[in-house]
Amino acid sequence: MGLILSKIAVVFSMAGIGLGANKLNILPTESNKYLIALLLNIATPCLLITSIAGKELTEETVSITVITMIGVVLWFLIAMIVAYGVAVALKVPRQDRGVYISIINMVNNGFMGFPITQASFGDDALYLMVLCNIILCIWTYTVGFFQINIGTGEFNRETLRRNLKSMINPCAVASFIGIFLLFTQIKLPEFLFSLLESVGQISIPLSMIVVGVQLGQSNIKKVIVNKKLVVTSIYKQILQPILTFLCVAWLPIPTLCKLVLTFSACFPAAVNMVAVASLENRNATLASEGVALTTILSMITLPVAIVLLTTWMGGL
């Protein structure tokens, strides 16, 4: 357990480095767009290709792939329905109902999820988290446009068609390349694999530094005065993962699938949800505040979730 806690402390301390660098103006706010570009266009794609393609294809791999993809689709559907109930119970304004639902339902299981999952649970868990993220990307640019408009009666189909192209990005392409290499068992040349693997290893420190820089930009005093948003964020970061675990723990599926489905629910609101809100002329400011607050809370809840899930796995 001491080794696990040490690993978690190291990973999340990297966010503290990013926060400190932002406050000291070593990494000013404007630097974040370049760090994110490096992370999402180069480092993370390399990590995905080598982590997935480096796996050995077995019957078990095929089985957990199918189970995980079905499981995460069901999770998004159920989470949206429950999130609607939360929004109604909190009596949020109808025009903001879809934004609150999206804050709860859309999880950052890629940008934060990939490096933290690999650092905490290894490449097998990372492979399944990639599958979760593929479903998230499809959901975001299809159902996500309908979801953000819940309560308003509006839905811009032309915007949906125009922005489906956002699904084609370096991380998505790398995911599909990795899965193709895995299922065809095509091996990359040793030099190329080593190069991609080395570049991919910067994903963990870089992603956490970026999170720290983003937190440095957040006005937490402004955010916490919105009590409905605070309650929503607490539900998302604490109750939702617990409910997810209780729903999957008894299922006759592999333990790794249960772990990843639960851990995927532990991540804060996805940043691309803000873009969807903006494109649909919904409350993008509220969406941004939801991302900021859930990300701050995740600095506490994610380490706890990692320890609890690791302990649970060790007890099986």
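I177 is found in helix α9, which spans residues 170–184; helices here are DSSP runs of H or I with at least four residues, numbered from the N terminus. The relative accessible area of I177 is 35%, so this residue is partly exposed, a class that lies between buried (under 20%) and exposed (over 50%), as evaluated with a 1.4 Å probe on protein chains only. The C-alpha atom of I177 is separated by 8.2 Å from that of A53, although the two positions lie 124 residues apart along the chain. The model is predicted, and local features therefore require pLDDT of at least 70 and side-chain atom pairs pLDDT 80 or more, whereas totals for chains, interfaces and linings use all residues. Residues are numbered from 1 along each chain as its sequence is written, and side-chain values use heavy atoms, with hydrogens and water left out.

Helix α2 (residues 32–53) contains S51. With a relative accessibility of 5%, S51 counts as buried. Its side chain makes a polar contact with the side chain of Q118 at 3.5 Å; such a contact is a pair of N or O atoms within 3.5 Å, and within protein one atom must be able to donate a hydrogen and the other to accept it, residues adjacent in sequence counting only if both atoms are side-chain atoms. When residues up to four places away in sequence are not counted, S51 touches Q118, D123 and L126, contact being defined by heavy atoms within 4.5 Å.

Helix α6 comprises the 18 residues 123–140. The distance from its first C-alpha to its last is 25 Å, close to the 26 Å expected at 1.5 Å a residue; the expected span is 1.5 Å times one less than the number of residues. The helix is mostly covered, 15 of its 18 residues being buried.

Aromatic pairs were identified for rings of Phe, Tyr and Trp (its six-membered ring) with centres within 6.5 Å; planes under 30 degrees apart count as stacked, over 60 as edge-to-face and the rest as tilted. The structure holds 5 aromatic pairs. One of them, formed by F76 and W139, is stacked, with 5.2 Å centre to centre and 20° between the planes. This pair links distant parts of the chain, since F76 belongs to helix α3 and W139 to helix α6, 63 residues apart. F76 is buried, with a relative accessible area of 1%, and W139 also counts as buried, at 7% relative accessibility. A second pair, F121 with F263, is edge-to-face, with 5.1 Å centre to centre and 85° between the planes. Here too distant parts of the chain are linked: F121 lies in helix α5 (residues 113–121) and F263 in helix α14, 142 residues apart. The relative accessible area is 18% for F121, which is buried, and 1% for F263, likewise buried. Ring pairs further link W75, F76 and W139 into a cluster.

The structure holds 0 disulfides, a disulfide being a pair of cysteine sulfur atoms within 2.5 Å. For C137, the closest cysteine sulfur is that of C171, and because the two sulfurs are 8.1 Å apart, they are too far for a bond. C137 counts as buried at 14% relative accessibility, as does C171 at 12%.

Helix α13 (residues 227–248) has 22 residues, which should span 32 Å at 1.5 Å a residue; the end C-alpha atoms are 30 Å apart, in agreement with this value. A kink of about 35° lies at L239, shortly before the proline P241; the bend at a residue is the angle between axes fitted to the seven residues ending there and the seven starting there. The N-terminal end of α13 is capped by N226, a side-chain oxygen of which lies 3.3 Å from the backbone nitrogen of K228. The buried residues of the helix are L229, T232, S233, Y235, K236, Q237, Q240, P241, T244 and V248. What covers them includes α3 (59–89), α4 (97–105), α12 (220–223), α14 (255–264) and α16 (284–314).

Within α13, Q237 counts as buried at 3% relative accessibility. The side chain of Q237 reaches the backbone oxygen of C266 at 3.0 Å. Residues up to four places away in sequence again being left out, Q237 touches C266, F267, P268, T294, L297, S298 and T301.

Technical notes:
Helices (H or I, at least four residues) and strands (E, at least two) are DSSP runs, numbered from the N terminus.
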